Amino acid sequence: MNFEFTEEQKLFAEQVRRFALAHLEKGALARAHDPRFPFDVAKLLSEQGLMGISIPEADGGQGGTLMDAVIATEQIAAVCPRSADVVQFGNFGPIRTFAEYGTDHQKKKWLSECLAGRMVMSLGMSEPDAGSAVTDLKTAARPDGSHYVLNGTKVFSTFSPDAAVFLVYVRYGPGVGGIGSVLVERDTPGFKIGPPQEFMSGEQWCELHFEDCRIPSENVLLGPGGFKKQMAGFNVERLGNTARSLAFGRYCFERAREHASVRRQFGRPLAEFQGLQWKFADMAIKLEGAQLLLYRAAANADKGLPSAYETAVAKAACNQVGFEVAHEAVQIMGAAGYSKSSLVEYCMRRCRGWMIAGGSVEMLKNRIAEHVFDRRFDQRPPKAKSEAAE
Ligand SMILES: Cc1cc2nc3c(=O)[nH]c(=O)nc-3n(C[C@H](O)[C@H](O)[C@H](O)COP(=O)(O)OP(=O)(O)OC[C@H]3O[C@@H](n4cnc5c(N)ncnc54)[C@H](O)[C@@H]3O)c2cc1C
């Protein structure tokens, strides 16, 4: 067992950090408070080879590993937290499931545009009545000749105000086996996008309404029975959120450390008060522990897809640690940390969201408990005898 990066990984991390310092450090605060997708950053990252890091070269990616993508997230976030969203989009988001299962025709049409930083894709999974219980989703895809007709509503889709194409989870038939996914272009007739609404983080999302929206059959990504494959792809997305949570926590830790070294009260630097030293020690313990879980999940990824259990453990740990550390950093920095002129409060708000998004901490703990007891715990109420007999 080796807890060190390889020489190649060290070099890659250094290169990404140097690039971030040269191109992204300036403007980091303004970028964080701009809700629109930063296409300028996406183009820069694309030129630097930081989009599609773990996507095969044949598909226009870099042919690297998931671990490389995690390293890139950490290095970019350490300099410009908001730009790490672009690393997420280009490496972990719906684009990754799309690259895994898309047809050549679909990839030709949309993947190259996304990897070039000219287009952003949004994920339409959650519905008003299907959040954690995602398999309750109702958005229907009904075959009609050479087309499918979509009806339903999606909520909370990140990047939806700017996305040109949407990866939408749909229901072809009853049960989990009836779930799959399709690709829908923004200007498709019958696809209505509501006005932008805002999360606590300042990120925007729109309601997506499908009203007899006709899409060609060639836009089907996964047919009936595709849910398991979607979830395998979604574990990559989860790992991206995991990496960002931890990286944002570390960003706050560093700012608080710098602040405590120079800020003087009662005639001495804050760092000399034991009450604060122990906060830093606790934060360091949490960050180091969660870091190992993140690297384990990324390093053990098989054919680019991490295990569901290792991802669940890493995400639950990093989501909690990221938020706790960011929250403590605000406290240590006092009003300076609470102020919008520092990125620490921004990181804290972002970390709060990842405890809910992409598998809430509670749902991840349900998954972990199933591993612990080696059995499934149905979250649904037991069926009444008459219902079960039907
Ligand atoms: C920042 C952010 C970005 C997002 N981006 C997207 C996106 O791009 N695309 C998309 O489709 N969706 C997105 N979502 C939505 C996200 O997937 C859902 O918020 C998530 O699945 C939880 O669903 P819910 O919010 O409806 O909460 P609910 O499912 O209503 O849950 C409410 C609370 O109850 C808990 N809970 C529910 N069931 C159980 C259980 N069985 N055991 C224990 N606790 C339980 C949950 O953990 C949560 O704390 C985003 C959300 C956020 C916050």
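Start by selecting the ligand and its surroundings: 20 residues make up the shell, and the closest are Ser126, Ser132, Thr158, Ser360 and Glu362. Keep in mind as you go that this is a predicted model.

**Stop one: polar contacts of the ligand**

Show Leu123 and look at its backbone, where an N or O atom sits 2.8 Å from a ligand nitrogen. Next, pick Ser126, one of the closest residues in the shell. A polar backbone atom of Ser126 is 2.7 Å from an oxygen atom of the ligand. Then switch to side chains and select Asn366: a polar side-chain atom there lies 3.1 Å from a ligand nitrogen. Now put a surface on the ligand. On its own the ligand would expose 970 Å², and the protein buries 69% of that.

**Stop two: what builds the shell**

Colour by secondary structure and find strand 1 (121-124), strand 3 (147-158) and helix 13 (361-373), the elements that each give two or more residues to the shell around the ligand. Which of the elements gives the most to this shell? Strand 3 does, with four residues. If you recolour the shell by residue class, you should get eight nonpolar, 10 polar and two charged residues.

**Stop three: Glu310**

Leave the ligand and go to helix 10 (residues 308-333), where you'll find Glu310. Is Glu310 buried or exposed? It's buried, because its relative accessible area is 15%, and the cut-off for buried is under 20%. Turn on the neighbours of Glu310 and, leaving aside residues up to four places away in sequence, you'll see that Glu310 touches Arg296, Ala297 and Asn300. Zoom in on Asn300, since there's a polar contact to look at: the side chains of Glu310 and Asn300 meet at 3.2 Å.

**Stop four: the cysteines**

Last, select the cysteines. How many disulfides does a search of the whole structure find? Zero. Take Cys213 as an example: it is in no disulfide, and the nearest cysteine sulfur belongs to Cys206, 16 Å away. Cys213 has a relative accessible area of 0%, so it counts as buried. Now hop over to Cys318, which is in no disulfide either; for that residue the nearest cysteine sulfur is the one of Cys351, at 10 Å. Cys318 is buried too, with 0% relative accessibility. For scale while you check those distances, a disulfide would need the two sulfur atoms within 2.5 Å.

Conventions. Residues numbered from 1 in each chain as written. Predicted model: local features only at pLDDT ≥ 70, side-chain atom pairs only at ≥ 80, totals over all residues. Heavy atoms only, no water. Near = heavy atom within 4 Å. Polar contact = N/O pair within 3.5 Å; in protein donor to acceptor, adjacent residues only side chain to side chain. Areas by Shrake-Rupley, 256 points an atom, 1.4 Å probe, with all protein chains shown as cover. Nonpolar A, V, L, I, M, F, W, Y, C, P; charged D, E, K, R; others polar. Buried < 20%, exposed > 50% of the residue type's maximum accessible area, 1.4 Å probe, protein only. Contact = heavy atoms within 4.5 Å.
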